[in-house]
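Please open the model in your viewer and keep the selection panel at hand. The stops below proceed by selection, with a short account of what is there at each one.

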Amino acid sequence: MSYTADGHTPAVVADNFTKQFGTVTAVDGLELTVPAGSVYGLLGPNGAGKSTTIDALVGLVQPTEGTIRVLGMDVRASAVDIRRKTGILPDGFTPYEQLTGREHLELAGRANGVDVHTGDVLARVGLTDAADRTAGGYSRGMCQRLGLAMALVGQPDLLVLDEPGAGLDPHGIELLRRIVREERARGATVLLSTHQLAQVEAVCDVVGIVDEGQLVAEDDVETLRRTVGAEATLRIRPTGPLEPAGDLLTDVDGVAEVTVADDALVVRCVDEQRTAGVIAALERSDVALESYEKALPGLEQVFGAYTDER
Amino acid sequence: MPGRDTYTPLLDVARVEFRRHRRSRGTVGTLIAVTLFCTFWSVHNLSISAYPPDASLVNDGVFSVVAPGQDVFLLDVATSVFVGPLLLCFGILLGVGTVVTPRANGTLRTLQTLPYSRRSVFVGLLLSRLLLVAGVVATLTLGTVVSASLAGVSLSLRVLFGFVVFLTLHAAGGVAVGTVLSTLRTRPAAVYLFGVVAAVGLLVLGGLLSSQFLPAGVFAPRTAFHVALAGLHWNWTALFQQALANSAGGIQPSYGSTAAGVLVLCAWVLIPTLLGVVSYERGDLGQ
């Protein structure tokens with residue numbers, strides 16, 4: 001068994017995990033370690049192997065090769081014990097159409113051997129009004145909230161959420177982020193699989209990028225940003241005409257390119273520090289500024305850099 | 001030894017599935033249709049048949065009855081194509097949906113993400129369907145008993161109970177066969193096709209076995225059902241058993257005995273269930 005630096009058993013350790021479906025290799029020798037107590041974002045394009053990995057972690061699919069340990073237990077030998085300590089929201093969660101939201105939570109409670117205050121859990125995910133309606137009448141977002149509620153039953157040590165934002169409206173997304181933060185504060189580990197970059201950026205401590213069944217990058221968001229370049233972009237709106245300001249900025253040290261878009265100057269700097277020099281140069285000149293905003297490389301660029309080049 | 005940890009999940013799964021069936025229009029409609037059909041046939045059969053106190057079938061092509069008695073009515077019911085074969089086919093077609101339907105609609109993954117073992121989920125799903133079949137048999141029997149009573153035919157409680165148990169086992173064998181088929185493919189259409197082939201195959205199995213090697217005929221579900229029924233009364237015999245009897249009329253071969261019939265009926269439930277468990281435990285439940 002491997003251990004993290006602080007002596008805790010990692011929540012998830014995948015060692016050379018490979019999964020083949022017939023002739024198709026969905027996951028190819030994946031090495032993955034999810035530190036205990038972290039919010040880990042598994043990021044990747046469609047078909048990258050994220051959901052197969054998640055399914056293998058909770059025993060829904062059997063590894064073709066390699067081993068997976070979850071909460072210190074081997075998934076082949078202790079799948080039920082793992083699921084007892086893990087809250088799972090599977091990709092495309094489907095409730096029983098004929099059962100009510102409350103009955104779903106009672107089922108999850110019985111399965112986990114815990115008494116559930118169904119009203120409290122449903123309120124936490126914003127389903128109080130629909131508690132006694134059958135899930136057949138739920139919208140996609142409501143189903144997703146119900147799945148999240150079932151995953152939260154029993155205060156699991158590990159929360160595995162596969163595409164949790166699917167079907168959620170902006171309020172639902174915000175609720176999801178809040179719950180993830182609350183669960184982390186409680187001490188749980190959260191493993192979040194998604195292709196929604198904003199989701200990962202908002203809540204994850206560590207990001208693993210999976211492409212073609214392999215982990216191609218893993219680090220915190222800031223470090224990953226730096227690995228694809230420190231370029232920063234300024235969007236500047238002068239009060240006067242754009243051309244003089246543009247001419248001025250072309251010669252400023254550290255400016256890679258100046259273009260015009262949507263009545264604004266888009267100034268690409270070689271790194272973030274150089275943006276201060278650009279603003280200072282404008283202030284020294286007679287160009288007055290209406291507004292400016294700075295944009296650092298987002299996960300979009302990181303994601304693109306790691307998944308496009310393969 | 002299996003304990004609470006084994007049975008509680010199994011009963012949880014069976015309970016939630018049974019609740020789902022109970023609230024499903026499709027399931028309730030199908031069950032009502034099958035039950036009404038069987039009961040109508042039963043009532044109709046009784047109304048056109050006379051079973052006086054000295055009634056005797058003597059030889060109806062399946063059974064031979066030495067002494068008279070009104071209980072022979074149940075043998076008449078059992079030989080009907082609408083009871084044994086229909087319930088067997090119904091059981092198979094009900095069974096083929098056990099895994100493939102929840103797999104196709106996604107609820108199997110939902111259930112399997114809870115801390116239940118694969119075995120508990122599989123047996124729980126099967127159990128819920130066996131309860132449905134038991135419900136159909138119970139309703140059919142109730143209708144038969146009421147009709148018999150109105151016609152003045154009196155049935156022995158012991159024989160009636162045996163008839164219900166063996167008929168339920170017979171149909172349960174069909175459900176178990178259907179359930180193991182349900183684990184073999186993920187596409188519902190393919191699995192239902194397997195089910196139709198299996199239903200037809202099991203119906204002709206007895207004839208094929210008997211024509212090629214008579215003693216092996218008891219391994220066919222329908223023959224085993226008749227042999228088991230014959231054991232309910234000391235003066236009843238299945239013609240299949242008579243064909244295997246010695247010159248003194250004794251049922252010598254163990255495979256022609258009542259015990260063999262009952263064992264075969266149980267085997268048709270247990271063996272497919274075990275095969276289904278193995279197949280389900282080894283399979284993937286990915287999307």
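How are α4(B) and α9(B) oriented to each other, roughly parallel or roughly antiparallel? Before answering, note that this is a predicted model, and then select residues 84-95 of chain B for helix α4 together with residues 188-212 of chain B for helix α9. The two helices pack at an angle of about 150°, with their axes 9 Å apart; because angles over 145 degrees count as roughly antiparallel, α4(B) and α9(B) are therefore roughly antiparallel to each other. Their crossing is right-handed. Showing side chains here brings up Pro85(B), Leu88(B), Cys89(B), Ile92(B) and Leu93(B) on the α4(B) side, which meet Gly195(B), Ala198(B), Ala199(B), Leu202(B) and Leu203(B) on the α9(B) side. By class, the contact of α4(B) with α9(B) comprises nine nonpolar residues, one polar residue and no charged ones.

**Helix α8 of chain B and two partners**

Stay in chain B and select helix α8, residues 157-182, with helix α10, residues 221-230: this pair packs at an angle of about 170°, and the axes are 10 Å apart. That angle makes α8(B) roughly antiparallel to α10(B), and α8(B) passes α10(B) in a right-handed crossing. From α8(B), the residues to display are Phe163(B), Phe166(B), His170(B) and Gly173(B), which meet Pro221(B), Phe225(B), Ala228(B) and Leu229(B) of α10(B). Sorted by class, the contact of α8(B) with α10(B) has six nonpolar, two polar and no charged residues.

Next, keep α8(B) selected and add helix α5 of chain B, residues 97-105, which packs with α8(B) at an angle of about 40°, with the axes 6 Å apart. That makes α5(B) oblique to α8(B). The contact is made by Gly97(B), Thr98(B), Val99(B) and Val100(B) of α5(B), together with Gly178(B), Thr179(B) and Ser182(B) of α8(B). The class count for the contact of α5(B) with α8(B) is two nonpolar, five polar and no charged residues.

**Across to chain A**

Now display both chains, and select the contact between them, which takes 25 residues from chain A and 21 residues from chain B. On the side of chain A that touches chain B, the elements giving two or more residues are α1 (50-57), α2 (79-84) and α3 (101-112) of chain A. Of these, α3(A) gives the most, with five residues. This side of chain A has 13 nonpolar, seven polar and five charged residues.

With chain A alone on screen, colour it by its domain assignment, which gives domain 1 as 12-219 and domain 2 as 229-296. The centres of these two domains of chain A, taken over C-alpha atoms, are separated by 43 Å.

**The sheet of four strands**

Select the open sheet of chain A whose four strands run in the order β2-β1-β4-β5, with antiparallel pairing. Its edge strands are β2 and β5 (73-74) of chain A, each of which pairs on one side only. Strand β1, residues 12-21 of chain A, pairs with strand β2, residues 24-34 of chain A, over seven bridges in the antiparallel sense, and Val13(A) has Thr33(A) as its bridge partner in β2(A). The hairpin of β1(A) and β2(A) has two residues between the strands, and in this hairpin Gly22(A) takes a positive phi near 65°. Further along, strand β4, residues 65-70 of chain A, pairs with β5(A) over two bridges, and Arg69(A) stands opposite Asp74(A) in β5(A). Helix α1(A) lies across β1, β2 and β4 of chain A, running at about 115° to β1(A).

**The sheet of six strands**

As a last selection, take the open sheet of chain A with six strands in the order β6-β7-β8-β3-β9-β10, in which the pairing is mixed. Strands β6 (86-89) and β10 (214-219) of chain A are the edges, each pairing on one side only, and the twist averages 15° from one strand to the next. Within the sheet, strand β3 (residues 39-43) and strand β9 (residues 206-211) of chain A pair in the parallel sense over four bridges, with Val206(A) in β9(A) as the bridge partner of Tyr40(A). Two helices of chain A can then be added: α5 (residues 140-152) lies across β6 and β7 (158-162), running at about 170° to β6(A), while α6 (residues 170-186) lies across β3, β7 and β8 (189-194), running at about 150° to β8(A).

Note on methods:
Residues numbered from 1 in each chain as written. Chains lettered and ligands numbered in written order. Predicted model: local features only at pLDDT ≥ 70, side-chain atom pairs only at ≥ 80, totals over all residues. Pairing = 2+ DSSP bridges. Axes fitted to C-alpha atoms, helices over the stretch in contact; angles between N-to-C directions. Contact = placed C-beta atoms within 7 Å. Parallel < 35°, antiparallel > 145°, perpendicular 65-115°, else oblique. Left-handed = near helix turned anticlockwise from the far one by under 90°. Nonpolar A, V, L, I, M, F, W, Y, C, P; charged D, E, K, R; others polar. Domains from an automatic or database assignment.
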